Amino acid sequence: MGNAGDEDSKRSSRAGPPAAAKQDLSGIGAAFAPGMIGALLSRIFNWSRSGVGPRLLAAVLMFSSIVTLMLTALQLYLDYDREVGVIETRLDEIGRSTTGSLGESLWNLDQNQLKLQLDGIMRLPDIRAAEVREVADRPNPIRVAVGEPSTRSAVTRDYPLNYSVQGTSRPIGVLHVEATLAEVYQQLLNRALVILASQAAKTFVVSLFIIYMFHLLVTRHLAAIAEFVGQYSLSRPPPPLHLERRPPRDPDELDKVIDAFNAMCANLGRAYGELREANANLERDLNIRRRAEEDARASEERFRDYAETASDWFWETGPDHRFTYVSDRAGAFGMDNKALVGKHRVDAASDREAEPEKWRAHVATLDRHEPFRKFEYRGRDVAGRMHHFNVNGQPIFAADGRFMGYRGSATDLTAQHEAEERLRQSQKMDAIGQLTGGVAHDFNNVLTVITGTIEIIQEGLADKPEFAAIAQLIDDAAARGAEITSQLLTFARRQPLEPRDIDVNALVVETAKLLKPILGEHIELVTRLAEDAWSAMADPSQLSSAIVNLAVNARDAMPAGGRLTLETANRELDGTSGAGDGDVMRGAFVMIAVADTGHGIPADIRERVFEPFFTTKGVGRGTGLGLSMVYGFARQTGGTVVIESEEGRGTVMRLFLPRSKGEAPARTTPVQPPAAARGHETILVVEDDPLVQGYVIAQLGTLGYRTLAASDGAAALALVDQGVKFDLLFTDIIMPGGMNGRELAEAVRRRRPGTSVLYTSGYTDDTIVHEGHLDPGLALLRKPYRKSELSQKIREVLAGEPPA
């Protein structure tokens with residue numbers, strides 16, 4: 001490569017390639033001939049001492065190495081994650097599949113079985129150690145361990161071992177499992193060595209070849225161009241630059257660079273004037289850019305303040321705390337953002353008079369020009385609905401320190417407040433349910449003695465009508481008390497139900513016939529039944545009672561007359577809340593609606609209508625248990641109740657019951673009261689209440705049975721262990737002493753398989769009733785019961801008949 005003149009010829013001789021290299025790609029192979037190895041090595045040595053080639057080679061090698069290391073690390077990480085995931089999945093499977101059996105063995109103190117089960121766990125791949133530790137307040141708790149634990153390269157899991165005692169799950173121990181990662185690490189190390197070795201060799205050879213070709217075709221010519229540019233003088237421009245090389249078939253990048261440089265040199269003379277004009281334009285552009293940066297800085301500061309307050313809609317106020325800007329997002333919450341502009345912040349609130357101290361403190365904060373966060377207040381939207389807002393604000397100051405106002409954001413917390421209120425209502429209803437269930441239990445014990453004693457008195461007063469009438473009054477009062485306790489248990493969701501497939505339309509029609517004389521002539525009864533109404537899974541007697549209770553409440557809401565409508569329909573629910581309890585109902589339901597045209601329910605008591613004993617009818621006009629019974633029945637059945645009411649426009653009570661999976665709804669037939677049946681067998685009576693125990697023993701004696709008595713489970717088991725013979729275990733469910741009736745029956749049957757058991761209770765809890773249904777295969781006599789019911793149930797159990 002050279003320029004005109006001797007000086008250029010000398011420069012060309014220094015910059016140009018040697019003769020052996022003055023050839024195109026077709027001559028590259030010759031450079032690698034055996035005779036040229038020495039010259040090639042010498043050229044590489046001289047080239048590597050300076051220039052961009054060595055740096056480029058180092059960069060290529062470094063980049064290739066980094067990429068190789070990253071890809072290798074990624075591959076090893078994925079392999080590690082997969083292998084560890086397999087081990088963790090295996091540990092989780094051990095936790096799911098073995099804790100139940102280990103808990104049973106630990107409860108039974110069977111260390112041999114524990115050792116066998118742990119040995120089975122150790123046979124799984126990668127499992128290094130397993131241990132079971134008993135959690136007990138006694139000396140020398142059980143500890144069974146297998147394997148060799150390690151503190152390095154291991155994955156451990158601890159699983160609690162529980163056992164159900166008295167219906168409550170108790171922690172009794174811990175399962176500790178340890179898996180080793182040694183084999184995983186060894187496999188990953190071998191794999192990494194192979195990958196790195198192969199990639200390193202390939203990267204070095206390819207990089208060296210690329211750099212050599214880059215020097216041969218590019219960098220030597222760039223050096224000549226740099227030398228030409230370094231000696232270029234604008235006052236004495238040299239001849240155009242030309243490269244001394246074999247011209248390619250088509251101009252390449254180097255040719256284009258040379259042509260462009262030569263054209264630039266030709267234009268340098270004309271560039272001076274254009275440069276002055278460009279300088280003027282640049283000054284003007286700089287001024288515009290400076291103003292744009294100031295605007296961008298102010299905008300950035302504004303939105304940084306917004307980001308710090310992080311909320312749903314934005315606002316700004318001036319120094320007088322009146323709104324100057326409210327974002328359009330406020331309209332999504334029912335607010336009129338244009339109407340708020342110009343209004344004082346305090347005037348936008350509805351609780352400033354109800355909570356003056358809060359607002360005085362907030363205004364003081366504004367006057368001090370301090371930032372504030374999470375200030376909550378209440379306000380109304382354009383429709384008059386009350387909302388709960390959470391507001392954050394940041395003071396704005398000018399460059400000279402003047403206070404300019406506030407910027408902030410607001411969040412609508414109405415939905416959150418409503419959810420919290422529903423949760424509080426649900427907790428209150430559950431607490432009331434537990435209380436009423438306990439009261440019903442004790443009351444049923446008393447009623448059992450009263451009803452049974454009245455029967456005995458009535459038999460003795462058959463020839464004394466005046467005293468028999470008094471006894472009948474007591475009997476009616478006891479029956480009324482039993483009805484009230486049944487309603488309390490239904491509200492508390494502790495009434496054992498007998499759900500079955502029922503034809504809802506048929507039941508509503510039959511119930512409507514009963515309602516006509518109850519409602520009176522001034523109430524018009526209308527039915528709107530869906531022709532395709534599904535069958536429902538519910539207790540028919542309880543459902544009929546629920547409809548009657550809803551209809552009676554509707555009648556009382558229409559003292560001057562009106563219309564009561566019974567409606568059925570099919571509904572697919574995807575989130576309907578029930579009765580303010582916060583639960584969400586989803587699935588297929590049959591709806592039974594009872595609508596009236598009465599005075600409606602005031603909003604302030606609407607959430608209390610399902611509370612037991614709550615009534616607005618006045619003294620002597622109801623117990624206040626009707627709607628609470630409906631509520632408890634619906635929730636225990638798996639459904640819900642929804643109220644829609646507006647003062648002056650009536651009320652609609654919608655009862656949702658789960659759809660039955662059966663095809664043919666069952667129909668029940670009335671059962672005649674059974675006569676008292678006698679017997680001669682021996683019955684073990686387990687009852688903690690002395691009055692009830694004495695009553696039961698007396699009644700069984702009149703029926704011809706022999707009896708044994710125990711006041712709790714421990715006393716009953718002591719009689720069994722003594723070898724006492726009996727034909728039937730008649731036990732209460734809820735008893736003191738740490739053992740309920742279900743646990744007593746299981747203990748007796750372990751000692752004497754096949755023993756007949758009859759349970760009795762006035763409050764079943766969750767011992768033998770789950771999800772509102774009596775556990776299959778169990779016989780239950782509900783308190784209070786009469787002599788005929790007692791005798792009939794005993795004969796059924798002794799005869800081996802399935803529970804009704």
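The C-alpha atoms at the two ends of residues 56-78 sit 32 Å apart, and this span is 100% helix and 0% strand. That is a handy place to start, since the UniProt annotation "transmembrane region", from an unreviewed entry, covers residues 56-78 as well as residues 25-44. Please keep in mind that what you have in front of you is a predicted model.

## The whole chain

The protein has 804 residues, and buried residues make up 41% of them. Its secondary structure comes to 18 helices and 23 strands. If we take the contacts between residues at least 6 apart in sequence, 67% of them join residues at least 24 apart. The accessible surface of the protein comes to about 44,300 Å², and carbon and sulfur atoms account for 55% of that surface.

## Two partly exposed residues and their partners

Helix α6, which spans residues 182-230, contains I210. What lies across space from I210? V60 does: the two residues are 150 apart in sequence, yet their C-alpha atoms are 9.4 Å apart. I210 has a relative accessible area of 45%, so it counts as partly exposed.

A154 is a second case, and this residue belongs to strand β3 (residues 154-165). Its relative accessibility of 29% makes it partly exposed too, because the partly exposed class lies between the 20% and 50% cut-offs. T180 is 26 residues away along the chain, but the C-alpha atoms of A154 and T180 are separated by 4.4 Å. Leaving out residues up to four places away in sequence, A154 touches E178, A179, T180 and L181.

## Strand β5 and its two partners

Is strand β5 mostly covered or mostly open? Four of the five residues in β5 (residues 313-317) are buried, so the strand is mostly covered. Strand β5 pairs with β9 (residues 403-412) in the antiparallel sense, over five bridges. Within this pairing, E316 stands opposite R407 in β9.

Strand β6 (residues 323-326) is also an antiparallel partner of β5, this time over three bridges. Here T317 stands opposite F323 in β6. The hairpin of β5 and β6 has five residues between the strands, and H321 takes a positive phi near 65° in it.

F323 turns up again in a cluster of rings: ring pairs link W315, F323, F372, F397, F403 and Y406.

## Aromatic pairs around Y377

How many aromatic pairs does the structure hold? There are eleven. A pair of aromatic rings is described by the distance of the centres and the angle of the planes. Two of the pairs share Y377, and the table sets them out.

| Pair | Distance between centres | Angle between planes | Arrangement |
|---|---|---|---|
| W359 and Y377 | 5.6 Å | 70° | edge-to-face |
| Y377 and F389 | 5.5 Å | 45° | tilted |

Why is the pair of W359 and Y377 called edge-to-face? Its planes stand at 70°, and planes over 60 degrees apart count as edge-to-face.

Both pairs bring together distant parts of the chain. W359 sits in helix α9 (residues 356-367) and Y377 in strand β7 (residues 372-380), 18 residues apart. F389 belongs to strand β8 (residues 386-397), and twelve residues separate it from Y377 in strand β7.

W359 and Y377 are both buried. Y377 has a relative accessible area of 9% and F389 has one of 1%, so each is buried, as the class takes in values under 20%.

## The parallel sheet towards the end of the chain

Further along, five strands form an open sheet with parallel pairing, in the order β18-β17-β19-β20-β23. Which strands lie at its edges? They are β18 (706-710) and β23 (780-782), each of which pairs on one side only. On average, and with direction ignored, neighbouring strands of this sheet are turned by 20° against each other.

Strand β20 (residues 756-761) runs parallel to β23, and three bridges join the two. Y759 has L780 as its bridge partner in β23.

A helix accompanies this sheet. Helix α15 (residues 690-702) lies across β17 (682-686), β18 and β19 (728-732), and runs at about 170° to β18.

Key. Residues are numbered from 1 along each chain as its sequence is written. This is a predicted model: local features need pLDDT of at least 70, side-chain atom pairs count only at pLDDT 80 or more; totals for chains, interfaces and linings use all residues. Side-chain values use heavy atoms; hydrogens and water are left out. Buried means under 20% relative accessible area, exposed over 50%, partly exposed in between (1.4 Å probe, protein chains only). Contact means heavy atoms within 4.5 Å. Accessible areas come from the Shrake-Rupley method with a 1.4 Å probe; for residues, only the protein chains shown count as cover. UniProt positions are given in the numbering used here, feature names are shortened, and annotations may be inferred rather than shown by experiment. Two strands pair if DSSP finds at least two bridges between them. Axes are lines fitted to C-alpha atoms, for helices over the stretch in contact, and angles run from 0 to 180 degrees between N-to-C directions. Rings of Phe, Tyr and Trp (its six-membered ring) pair if their centres lie within 6.5 Å; planes under 30 degrees apart count as stacked, over 60 as edge-to-face and the rest as tilted.
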